[in-house]
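The following paragraphs walk through one protein chain, from its overall make-up to a charged residue and a set of aromatic rings. Please keep the sequence and the model in view while reading.

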Amino acid sequence: MDLTDTPPEIPGDDEEAPDFDAWESPDEVLKEGPTRERMLDVIMQLREPTKVSTIATRADCDTETARDYLQWFAEMGMVRELSGRPVRYERNNSYLKWRRIEQIRQRYSETEIVTRLKETLDAATEYRERFEADSPDDVSLVEESYEESVEDIWEAVSNWKTLEERAALLDAARREDTSGGHTETIDA
């Protein structure tokens, strides 16, 4: 077959276009994915303790299936079971933080982690100097909005918070020295 030939599965000009309305909606296709993946999506989105029945509804599965998966996710450390009536589950943010630190350690060498940490700390220092504050939480949107728009201030403070979170993760990855070797010190 020549590169300029049209593959046989492509309809020609004289053929009718497909009926896109007859196709399944993306929501329906996603609901038909594996239950475990749907459950994982739901638990990653939990922001507060949630009943099993609510989680089952969101994951489009029955309550007993949800309960089985939730127990498995609890054993893995991804969720916490909160006893009571009804039993509720919440996302384990400590587990997610640990996973992120491990991903950083797998992706970057110790030297790269130290370099990225220094860059992140330097960027955070620029925000400290800009707002003359020690923390993003110390910035008053009202007071700062006299010179800049509230949206610009809010975006800058959000970026600063992100930098602080990134620095904490990078520092934790840097301090986690599983090889038994030397850990470098970073001055903020």
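In this predicted model, 26% of the 188 residues of the protein chain count as buried. The accessible surface of the chain comes to about 13,700 Å², and carbon and sulfur atoms supply 45% of that area.

The secondary structure consists of eight helices and three strands. Read from the N terminus, the order of elements is α-α-β-α-α-β-β-α-α-α-α. Among contacts in the chain with a separation of 6 or more, 56% join residues that are 24 or more positions apart.

One residue to examine within this arrangement is Arg 91, which lies in strand E3, spanning residues 88-91. Which side chain of opposite charge is nearest to Arg 91? That side chain is Glu 90, at a distance of 8.8 Å. Arg 91 is buried and has no salt bridge, because a salt bridge requires a side-chain nitrogen of Lys or Arg within 4 Å of a carboxyl oxygen of Asp or Glu.

The side chain of Arg 91 does have polar partners. A polar atom of this side chain lies 2.7 Å from the backbone oxygen of Met 44. The side chain of Arg 91 also makes a polar contact of 2.8 Å with the side chain of Asn 93. With neighbours within four places in sequence left aside, the residues in contact with Arg 91 are Ile 43, Met 44, Leu 46, Arg 47, Met 78, Val 79, Arg 80 and Leu 96. Met 44 thus appears both in this contact list and as the residue whose backbone oxygen faces the polar atom of Arg 91 at 2.7 Å.

The aromatic residues are the next topic. The structure holds five aromatic pairs. One of them joins Trp 72 and Phe 73, with 5.1 Å from centre to centre and 55 degrees between the planes, a tilted geometry. Are the two partners buried or exposed? Phe 73 is buried, with a relative accessible area of 2%, while Trp 72 is partly exposed at 35%.

A further pair is formed by Tyr 95 and Trp 98; the ring centres are 5.8 Å apart and the planes meet at 40 degrees, so this pair is tilted. Both residues belong to helix H5, residues 93-107, where being three residues apart separates them by about one helical turn. Tyr 95 counts as buried at 16% relative accessibility, whereas Trp 98, at 44%, counts as partly exposed.

Trp 72 and Phe 73 are also part of a cluster: together with Tyr 69 they form one aromatic cluster.

Methods
Residues are numbered from 1 along each chain as its sequence is written. This is a predicted model: local features need pLDDT of at least 70, side-chain atom pairs count only at pLDDT 80 or more; totals for chains, interfaces and linings use all residues. Side-chain values use heavy atoms; hydrogens and water are left out. Helices (H or I, at least four residues) and strands (E, at least two) are DSSP runs, numbered from the N terminus. Buried means under 20% relative accessible area, exposed over 50%, partly exposed in between (1.4 Å probe, protein chains only). Lys and Arg count as positive and Asp and Glu as negative; His and the chain ends are not counted. A polar contact is a pair of N or O atoms within 3.5 Å; within protein, one must be able to donate a hydrogen and the other to accept it, and residues adjacent in sequence count only if both atoms are side-chain atoms. Contact means heavy atoms within 4.5 Å. Accessible areas come from the Shrake-Rupley method with a 1.4 Å probe; for residues, only the protein chains shown count as cover. Rings of Phe, Tyr and Trp (its six-membered ring) pair if their centres lie within 6.5 Å; planes under 30 degrees apart count as stacked, over 60 as edge-to-face and the rest as tilted.
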